[in-house]
Amino acid sequence: MNFKIWFDEVLSKLDKRAISFKKIIKYLDDLPDPIIILETGCLRKIDNFSGDGQSTLIFDKYTQSRGNGSRVYSVDINEQNVNLCKSLVSDKVYLKKEDSVKFISDFHNQVGYNNKLSLLYLDSFDVNWDYPLESSAHHLKELTASIPYINKNTLVVVDDAPINLLGYRDEKNNFKFIKDASVGGKGYLIHEYARSVNADLFFSHYQVGYKNIVKS
Ligand SMILES: C[S@@+](CC[C@H](N)C(=O)[O-])C[C@H]1O[C@@H](n2cnc3c(N)ncnc32)[C@H](O)[C@@H]1O
């Protein structure tokens with residue numbers, strides 16, 4: 001199977017995530033083998049490209065196209081979701097049913113401490129858009145546990161993390177964005193952390209991506 005042809009077809013179904021998935025794959029294309037991806041929150045519904053993204057399937061096909069030891073690790077707390085995902089991806093994907101923070105804290109058992117991630121893709125704990133703090137705190141815990149496995153070139157992506165449309169009405173009642181707008185949803189607290197450590201914002205769409213979260 002030719003990944004590029006398959007991915008071009010998928011892009012048209014990815015809706016609000018198409019632009020960032022394109023950037024993710026382009027970024028990975030420029031990294032050396034092996035590509036190592038750690039994902040939290042696996043595919044849970046067949047063909048749900050515009051709803052959830054089908055990330056596990058995309059990463060599976062991509063790493064297979066790279067070969068040379070490239071691989072995907074994915075963790076999900078829900079057994080049914082893990083089983084469904086297993087039925088849709090290749091046996092090259094290492095999938096585990098566990099809490100993501102626990103899984104990441106034991107991740108040295110999978111890769112040791114010397115192999116660093118090419119991509120850390122955080123998409124677990126569903127976000128309550130009226131109260132994103134809980135989900136956003138869980139994703140910050142995932143990033144914290146992942147620090148030993150990332151380096152400055154690791155692309156860190158958080159799904160469901162659109163820019164907060166913070167703004168105000170001017171004297172003519174026109175809506176104005178506040179210049180230093182923030183990121184919301186699952187990425188709310190990670191974005192605050194990324195800003196504090198002067199990480200590079202790689203993209204900000206419906207998903208947010210950073211490089212240089214750690215400096216070496
Ligand atoms: C939005 S879905 C993931 C979608 C998937 N990344 C995709 O693109 O199709 C979120 C998943 O996170 C899982 N989840 C929720 N809390 C979790 C936790 N604490 N640890 C691991 N997985 C969790 C849910 O069971 C659910 O399957």
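**Exercise 1. In which pocket does the ligand sit?**

Solution. The model is predicted, so local features need pLDDT of at least 70 and side-chain atom pairs count only at pLDDT 80 or more, while totals for chains, interfaces and linings use all residues. Residues are numbered from 1 along each chain as its sequence is written, and side-chain values use heavy atoms, with hydrogens and water left out. The ligand sits in the largest pocket, a pocket being an open set of points on a 1 Å grid over the protein atoms alone, where a 1.4 Å probe fits, with protein on both sides within 12 Å along at least five of seven lines; sitting there requires more than half of the ligand's atoms to lie within 2 Å of the grid points.

**Exercise 2. Describe the residues around the ligand and its polar contacts.**

Solution. Begin with the shell, whose residues have a heavy atom within 4 Å of the ligand: of 21 residues, Ser-55, Asp-76, Asn-81, Asp-99 and Asp-123 come nearest. By class, the shell holds four nonpolar, nine polar and eight charged residues.

Next, take the polar contacts (pairs of N or O atoms within 3.5 Å). The side chain of Asn-81 places an N or O atom 2.8 Å from a ligand oxygen, whereas Asp-52 uses a backbone N or O atom, 3.0 Å from an oxygen atom of the ligand. A polar backbone atom of Ile-77 lies 3.1 Å from a ligand nitrogen. Finally, the protein buries 93% of the 610 Å² that the ligand exposes when taken alone, as computed by the Shrake-Rupley method with a 1.4 Å probe.

**Exercise 3. Locate the unusual backbone angles.**

Solution. The peptide bond from Asp-33 to Pro-34 is cis, with omega near -5°, and Pro-34 is found in the loop between α2 (18-29) and β1 (36-40), where helices (H or I, at least four residues) and strands (E, at least two) are DSSP runs. Asp-160, a residue other than glycine, has a positive phi near 50° and is found in the loop between β5 (155-158) and β6 (167-169).

Definitions and conventions: Polar contact = N/O pair within 3.5 Å; in protein donor to acceptor, adjacent residues only side chain to side chain. 1 Å grid on protein atoms, 1.4 Å probe; cavity = no way out; pocket = protein on both sides within 12 Å on 5 of 7 lines; lining within 4 Å. Nonpolar A, V, L, I, M, F, W, Y, C, P; charged D, E, K, R; others polar.
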